[in-house]
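Student: I'm new to this one, so could you walk me through it and tell me how each label is earned?
Tutor: Sure, have a look first.
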Amino acid sequence: MVRESPAAKQARVRKIIAVLKRTHPDAKLALDFTNPLELLVALILAAQARDDLVNLVTPDLFRKYRSAADYAGETEAALQAQVGRINFFRQKTRSIQKACAMLVKDFGGNVPDNIDDLLKLPGVGRKTANAILANAFGQPAIVVDTHTWRLSQRLGLTTKDDPEEIEADLVKIVPCKDWTKFCHLLQFHGRRVCTARNPKCPNCSINKLCPWPHKTKAA
Ligand code: SF4
């Protein structure tokens with residue numbers, strides 16, 4: 001691909017966003033939640049697990065445990081029994097209880113609404129913290145999950161491998177008002193069209209905006 005100026009890349013990103021909004025009008029976070037605590041718990045459970053499986057488990061969980069103190073005060077065995085269908089459930093249960101204990105001790109039982117405090121919580125990395133800011137608090141944030149990572153590279157928006165460096169590249173070229181939506185769009189496009197092993201380039205709505213429009217040929 002010929003070298004692209006920052007202004008040209010910004011313009012291309014705006015077009016990509018416009019097309020993907022039409023392609024995936026339903027793009028949104030795939031996890032169900034009604035408040036920041038529920039989202040924190042769902043995101044911890046969703047690491048390397050399917051979102052639809054997490055969504056099957058969380059309704060009963062959220063009905064039973066309504067506060068950070070509820071999670072922190074539960075026995076490990078009882079909490080594990082609630083989420084035993086999800087992989088790494090022992091480790092994830094410990095992270096939930098440790099995070100909730102810190103919420104009770106340091107944050108009045110509330111999930112903080114800033115990245116510095118979120119990153120202090122056990123089991124919460126930058127991806128989870130940004131997902132909470134974006135989806136529970138409505139703050140613009142770039143969430144670099146596996147789809148954002150892969151599609152940003154394929155679309156020539158970054159050459160980096162490190163999620164924090166990818167985030168830094170994307171904040172420079174994606175309009176701030178679209179940060180959250182942009183990530184949801186890439187996640188949906190990555191699941192439905194630009195899949196890891198067999199991207200459907202001939203049927204891709206943004207193939208004219210992609211440097212690799214022939215990654216797969218038409219059948
Ligand atoms: S043209 Fe192919 S590689 Fe490019 S975004 Fe679409 S599916 Fe992915």
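Tutor: Before anything else, keep in mind that this is a predicted model. Let's begin with the two domains: seven residues of domain 1 are in contact with five residues of domain 2.

Student: What makes two residues count as "in contact"?
Tutor: Their C-beta atoms have to lie within 7 Å. On the side of domain 1 that touches domain 2, the classes come to four nonpolar, one polar and two charged residues.

Student: Where does each domain run along the chain?
Tutor: The assignment gives domain 1 as 6–28 + 142–209 and domain 2 as 36–136. Their C-alpha centres lie 27 Å apart.

Student: How many helices and strands does the chain have?
Tutor: There are 11 helices and zero strands.

Student: How do you know whether the chain is as compact as a globular protein of that length?
Tutor: Set two values side by side: the radius of gyration is 19 Å, and the globule rule gives 17 Å for 219 residues. The two are close, so the chain is as compact as a globular protein of that length. Along its principal axes, the C-alpha trace spans about 55 × 35 × 30 Å.

Student: What share of the chain is buried?
Tutor: Buried residues make up 36% of the 219. To earn that label, a residue needs 20 or more other C-beta atoms within 10 Å of its own.

Student: Why is asparagine 207 called partly exposed?
Tutor: Count its neighbours: asparagine 207 has 18 C-beta neighbours inside 10 Å. Buried takes 20 or more and exposed takes 12 or fewer, so with 18 asparagine 207 counts as partly exposed. You'll find asparagine 207 in the segment after helix H11 (179–192). Leaving out residues up to four places away in sequence, asparagine 207 touches Cys201 and Pro213.

Student: How far is asparagine 207 from lysine 105 in space?
Tutor: C-alpha to C-alpha, they are 50 Å apart, with their positions 102 residues apart in sequence.

Student: What makes you say that H2 is mostly covered?
Tutor: Nine of the 11 residues in H2 are buried. Among them are Leu37, Leu39, Leu40 and Val41. The buried residues of H2 pack against helix H3 (51–64), helix H4 (68–73), helix H5 (76–83), helix H6 (89–106) and helix H8 (126–136). Just after H2 comes glutamine 48, whose phi is positive, near 55 degrees.

Student: Which residues have the most contacts inside the largest nonpolar core?
Tutor: Leu40, Leu43, Leu45 and Ile132, in a core of 55 residues. Helix H2 (residues 36–46) gives the largest share of this core, nine residues. The core also draws at least three residues from each of domain 1 and domain 2. As a general point, nonpolar side chains tend to be buried together in soluble globular proteins.

Student: Which residues does leucine 45 touch?
Tutor: Not counting residues up to four places away in sequence, leucine 45 touches Val54, Val57, Val83, Ile86 and Lys92.

Student: How many residues surround the ligand?
Tutor: 14 residues do, and the closest are Cys194, Pro199, Cys201, Cys204 and Cys210. Cys201 is also touched by asparagine 207. By class, the shell has 10 nonpolar, one polar and three charged residues.

Notes. Residues are numbered from 1 along each chain as its sequence is written. This is a predicted model: local features need pLDDT of at least 70, side-chain atom pairs count only at pLDDT 80 or more; totals for chains, interfaces and linings use all residues. A residue is near a molecule or strand if its C-beta atom, placed from the backbone, lies within 6 Å of it. Ala, Val, Leu, Ile, Met, Phe, Trp, Tyr, Cys and Pro count as nonpolar, Asp, Glu, Lys and Arg as charged, and the others, Gly among them, as polar. Domain bounds come from an automatic or database domain assignment. Helices (H or I, at least four residues) and strands (E, at least two) are DSSP runs, numbered from the N terminus. The radius of gyration is taken over C-alpha atoms; the globule rule is 2.2 Å times the number of residues to the power 0.38. A nonpolar core is a set of buried Ala, Val, Leu, Ile, Met, Phe, Trp, Tyr and Cys residues joined through C-beta atoms within 7 Å.
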